[in-house]
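User: I am new to this structure and would like to understand how its descriptive terms are earned. Could you take me through the reasoning?

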Amino acid sequence: MESVAPVESIEKNIFGDEENKLSLIDKISTGKNEEEIITNKIVVKELINKLDKKEKEVIMLRFYKEKTQSQVAKILGITQVQVSRIERRILNSMKLKLTS
């Protein structure tokens with residue numbers, strides 16, 4: 001009976017909204033501790049949400065949009081050195097919060 005069912009994309013949203021969606025591909029096992037991976041993502045997201053606007057922008061541009069420090073500096077109108085310092089401070093702070 002399943003052989004006549006319509007084919008569905010593995011990218012189809014099966015749970016959640018557009019921002020926090022879960023698709024079939026997300027449910028396929030990778031052999032990694034998926035519960036730990038999901039927990040880590042949630043914790044990192046919460047830590048990022050606690051950052052001020054400029055800090056959040058630096059992290060989003062650097063790690064989610066894969067911009068260089070120079071590109072981030074140009075976008076934000078600051079120097080590359082300032083971006084480096086902000087980034088280092090944020091990452092050290094997040095590391096401390098994660099390990100305590």
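Analyst: What follows is a set of questions about helix packing and one residue, asked of a predicted model.

User: Why are α2 and α5 called oblique to each other?

Analyst: The axes of helix α2 (residues 34-49) and helix α5 (residues 80-99) cross at roughly 130 degrees and come within 11 Å. Angles of 65 to 115 degrees count as roughly perpendicular and those over 145 as roughly antiparallel, and the crossing at roughly 130 degrees falls in neither class, so the pair is oblique. The crossing of α2 past α5 is right-handed.

User: Which residues of α2 and α5 meet?

Analyst: From α2 come Val43, Val44, Leu47 and Ile48, which meet Met94, Lys97 and Leu98 of α5. By class, this contact has 6 nonpolar, no polar and 1 charged residues.

User: What makes α4 roughly perpendicular to α5?

Analyst: Their axes come within 8 Å and cross at roughly 105 degrees; because 65 to 115 degrees is the range for roughly perpendicular, the term applies to α4 and α5. Gln69, Ser70, Val72 and Ala73 of α4 make the contact with Gln80, Val83, Ser84 and Glu87 of α5, and by class it has 3 nonpolar, 4 polar and 1 charged residues.

User: How do you know whether Gln69 counts as buried or exposed?

Analyst: Gln69, found in helix α4 (residues 69-76), has 18% relative accessibility, and since buried means under 20%, Gln69 counts as buried.

User: What makes the pairing of the Gln69 and Gln80 side chains a polar contact?

Analyst: The distance given for this side-chain contact is 2.5 Å, and the cut-off for a pair of N or O atoms is within 3.5 Å, so the value satisfies the distance limit.

How values were computed: Residues are numbered from 1 along each chain as its sequence is written. This is a predicted model: local features need pLDDT of at least 70, side-chain atom pairs count only at pLDDT 80 or more; totals for chains, interfaces and linings use all residues. Side-chain values use heavy atoms; hydrogens and water are left out. Axes are lines fitted to C-alpha atoms, for helices over the stretch in contact, and angles run from 0 to 180 degrees between N-to-C directions. Helices (H or I, at least four residues) and strands (E, at least two) are DSSP runs, numbered from the N terminus. Angles under 35 degrees count as roughly parallel, over 145 as roughly antiparallel, 65 to 115 as roughly perpendicular and the rest as oblique. A crossing is left-handed if the near helix is turned anticlockwise from the far one by less than a right angle, and right-handed if clockwise. Contact means heavy atoms within 4.5 Å. Ala, Val, Leu, Ile, Met, Phe, Trp, Tyr, Cys and Pro count as nonpolar, Asp, Glu, Lys and Arg as charged, and the others, Gly among them, as polar. Buried means under 20% relative accessible area, exposed over 50%, partly exposed in between (1.4 Å probe, protein chains only). A polar contact is a pair of N or O atoms within 3.5 Å; within protein, one must be able to donate a hydrogen and the other to accept it, and residues adjacent in sequence count only if both atoms are side-chain atoms.
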